[in-house]
Amino acid sequence: MIDVRKRLSRTEPRSLLFLVAGSAIVIGGFVFSRRSVSRIVLHSGGQQVTVSTSDLFGLRPAHTVPIRHVSCMAHRSEVPAMIPVKIKGYRFYFLLDKEGQIYNSKLFDVTVGTYRKL
């Protein structure tokens, strides 16, 4: 005869562990996708920048900020994979893939790619 109470007491901690681990993976994916930059647009006049990120549901949140509020924490040639970009007023760094397309690298380096004290 199978003791149901004994069987449930063995599977409950395992189920709770999988629930916590799965939730952590989903939350981590959401945070990473909100901080991964898909596009940076420098507006005419060079005073404002729009940083577009991706969302889990396919939405494209965009953050338009003055260029003086954007600081690149490392040069493109110094980082192995991701370029950390800090925007004033946001808690975490935005991550720009180093292998992405930069159409005008000199313009990127003197505008968005510049380190600024925020």
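**View 1. Arg 35 lies over the face of Phe 94.** The distance from Arg 35 to the ring centre is 4.7 Å. This is a predicted model. Phe 94 also takes part in an aromatic contact. A search of the whole structure finds one aromatic pair. Its members are Tyr 90 and Phe 94, in an edge-to-face arrangement. The ring centres are 5.6 Å apart, and the planes make an angle of 75 degrees. Burial separates the two partners. Phe 94 has a relative accessible area of 0%, so this residue is buried. Tyr 90 has 26% relative accessibility, so this residue counts as partly exposed; the buried class ends at 20%.

**View 2. The charged end of Lys 86 sits over the ring of Tyr 93.** Here the distance to the ring centre is 5.8 Å. The cut-off for a charge over a ring is 6 Å from the ring centre. Arg 35 and Phe 94 form another such arrangement, at 4.7 Å.

**View 3. Strands β4, β5 and β6 form an open antiparallel sheet.** The order across the sheet is β4-β5-β6. β4 (70-72) and β6 (94-97) are the edge strands, each pairing on one side only. On average, neighbouring strands of this sheet are turned by 30 degrees against each other, direction ignored. Strands of a sheet pair through backbone hydrogen bonds, either parallel or antiparallel.

**View 4. β5 and β6 form a hairpin with six residues between them.** Gly 89 lies in the turn and has a positive phi of about 95 degrees. Strand β5 covers residues 82-87 and is joined to β6 by four bridges. The two strands run antiparallel. Two residue pairs help to set the register. Val 85 has Phe 94 as its bridge partner in β6. Pro 84 has Leu 95 as its bridge partner in β6.

**View 5. Strand β6 has one covered face and one uncovered face.** Phe 94 and Leu 96 make up the covered face. Leu 95 and Asp 97 make up the uncovered face. In a regular strand the side chains alternate between the two faces of the sheet. On the covered face, Phe 94 is buried, at a relative accessible area of 0%.

**View 6. Leu 96 is placed in strand β6.** Its relative accessibility is 12%, so Leu 96 counts as buried. What does Leu 96 touch, leaving aside its neighbours within four places in sequence? The contacts are Val 37, Ile 40, Ala 81, Met 82, Ile 83, Val 85 and Phe 108. Met 82 is 14 residues away from Leu 96 in sequence. In space, the C-alpha atoms of Leu 96 and Met 82 are 5.4 Å apart. Two of the contacts, Val 37 and Ile 40, appear again in the next sheet.

**View 7. Strands β1, β2 and β3 form an open antiparallel sheet.** The order is β1-β2-β3. β1 and β3 are the edge strands, and each pairs on one side only. The average turn between neighbouring strands of this sheet is 20 degrees, direction ignored. Which strand is largely enclosed by the rest of the structure? Strand β2 (residues 48-53) is, because five of its six residues are buried.

**View 8. A hairpin joins β1 and β2, with five residues between them.** Gly 45 in the turn has a positive phi of about 95 degrees. Strand β1 (residues 37-42) is joined to β2 by five bridges, in an antiparallel run. Ile 40 stands opposite Val 51 in β2. Val 37 stands opposite Thr 53 in β2.

**View 9. β2 also pairs with strand β3 (residues 62-66).** The sense is antiparallel, over five bridges. Thr 50 has Thr 64 as its bridge partner in β3.

**View 10. The protein chain holds two helices and six strands.** Along the sequence the pattern reads α-β-β-β-β-β-β-α. The chain has 118 residues, of which 27% count as buried. Among contacts with a separation of 6 or more, 36% involve residues 24 or more positions apart. The exposed area is about 8700 Å². Carbon and sulfur atoms supply 60% of that area.

Definitions and conventions. Residues are numbered from 1 along each chain as its sequence is written. This is a predicted model: local features need pLDDT of at least 70, side-chain atom pairs count only at pLDDT 80 or more; totals for chains, interfaces and linings use all residues. Side-chain values use heavy atoms; hydrogens and water are left out. Rings of Phe, Tyr and Trp (its six-membered ring) pair if their centres lie within 6.5 Å; planes under 30 degrees apart count as stacked, over 60 as edge-to-face and the rest as tilted. Buried means under 20% relative accessible area, exposed over 50%, partly exposed in between (1.4 Å probe, protein chains only). A charge sits over a ring if NZ of Lys or CZ of Arg is within 6 Å of the ring centre and within 35 degrees of the ring normal. Two strands pair if DSSP finds at least two bridges between them. Axes are lines fitted to C-alpha atoms, for helices over the stretch in contact, and angles run from 0 to 180 degrees between N-to-C directions. Contact means heavy atoms within 4.5 Å. Accessible areas come from the Shrake-Rupley method with a 1.4 Å probe; for residues, only the protein chains shown count as cover.
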